[in-house]
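Me: Got a minute to look through this one with me? Here it comes.
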Amino acid sequence: MRLNGRAEVTMNLLWKFKSVSRPELVEALVVRDEIYFSSPPELNDPSETRFKFRYDYSLRYEDLVDRLRELHDAGTLASGPEDFIAQLMDGSIFEGLERILKDQIFNRFRVFCLTKTASNPLMWGHYSDNHGGLCVGLAKDRLVECCHVAVHGLVRYQDQPFTLTFNPAEDMEAMLKRLAVALFTKDSRWSYEQEVRLVTFDQPPVRHAPGAVRAVVLGFRATPEIRRRVMHWKHLKQDLRVLAARPPKERSYELDIVPVD
């Protein structure tokens, strides 16, 4: 039986490609259901969370001054309204605000990255030891339920960074939640990944999601030792489905994903 195209989608799983250079980490995921959410600086794209500011010019000048004076009187705004507006006009305020927001993103948001397919040969080559590693299938509903996921969805690929509309009348928490969209925006050159992300907010890095791991796919270059290890995991988790990637026999670039007898 082949498991690609529509058949793969019917499993209703998302996929995590894994290297086996440290098999104990994969075992923690597969056997103990330990889901590790990375902080944005740990991700492999150096442009992660890159964004641009755009001022919301729909706010009237008089309203802006009044709002800034309120913030200043409340101790939220360090400088007076006139200084703030001068910094806004020359753009210098955005430099400090960008640092503050990025610190918040790095310290409070954590990300678990998956993909929609297990049969993409580029993903096997880049993330799974050149087809010698594994790909783990997980049920999204269990991940969302058990890991206190704040937001999840497909990554959007585009040629320009995400633009955050800046409104000084908005508090930092509201702005930060809107900025979470930046975690779902990547350079279009990464589009081959077909990435899906789950994001937590103010949660520890390791979460437990019993029952989330449903399948493991062996790369077609997986060593006998890795195969034995996966079959041992199957012995520990009887409901774990073990599959294997195979180079396609017909004229296609998609790998075949077949059950292991």
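Reply: Sure. One term before we start: a residue is called buried when its relative accessible area is under 20%. Also keep in mind that this is a predicted model.

Me: OK, so which residues of α2 are buried?
Reply: In α2, that goes for P23, V26, A28, L29 and V30.

Me: And what covers the buried residues of α2?
Reply: The cover includes the strands β1 (13-18), β2 (34-36), β5 and β12, along with α9.

Me: Which residues touch the most other members in the largest nonpolar core?
Reply: I35, L134 and L143 do, in a core of 30 residues. Elements giving two or more residues to this core include α2 (23-30), β5 (134-139), α7 (140-146) and α9 (224-236). Apart from it there's another core of 19 residues, with L43, F53, C113 and L176 among them.

Me: Switching topic: where is K186?
Reply: K186 sits in strand β9, residues 185-187.

Me: Why does K186 count as buried?
Reply: Because its relative accessibility is 4%, and the cut-off is under 20%.

Me: What does its side chain make a polar contact with?
Reply: The side chain of K186 pairs with the side chain of E195, at 3.3 Å. Leaving out residues up to four places away in sequence, K186 also touches D45, E48 and Y157, among others.

Me: How about R214, which strand is that in?
Reply: R214 is in β12, and it's partly exposed, with a relative accessible area of 34%.

Me: How far apart are R214 and G137?
Reply: They're 77 residues apart in sequence but 5.6 Å apart C-alpha to C-alpha. R214 touches G137, and its other contacts include L13, R142 and D239.

How values were computed:
Residues numbered from 1 in each chain as written. Predicted model: local features only at pLDDT ≥ 70, side-chain atom pairs only at ≥ 80, totals over all residues. Heavy atoms only, no water. Core = buried A, V, L, I, M, F, W, Y, C linked by side-chain atoms within 4.5 Å. Buried < 20%, exposed > 50% of the residue type's maximum accessible area, 1.4 Å probe, protein only. Helix = DSSP H or I, 4+ residues; strand = E, 2+ residues; numbered from the N terminus. Contact = heavy atoms within 4.5 Å. Polar contact = N/O pair within 3.5 Å; in protein donor to acceptor, adjacent residues only side chain to side chain.
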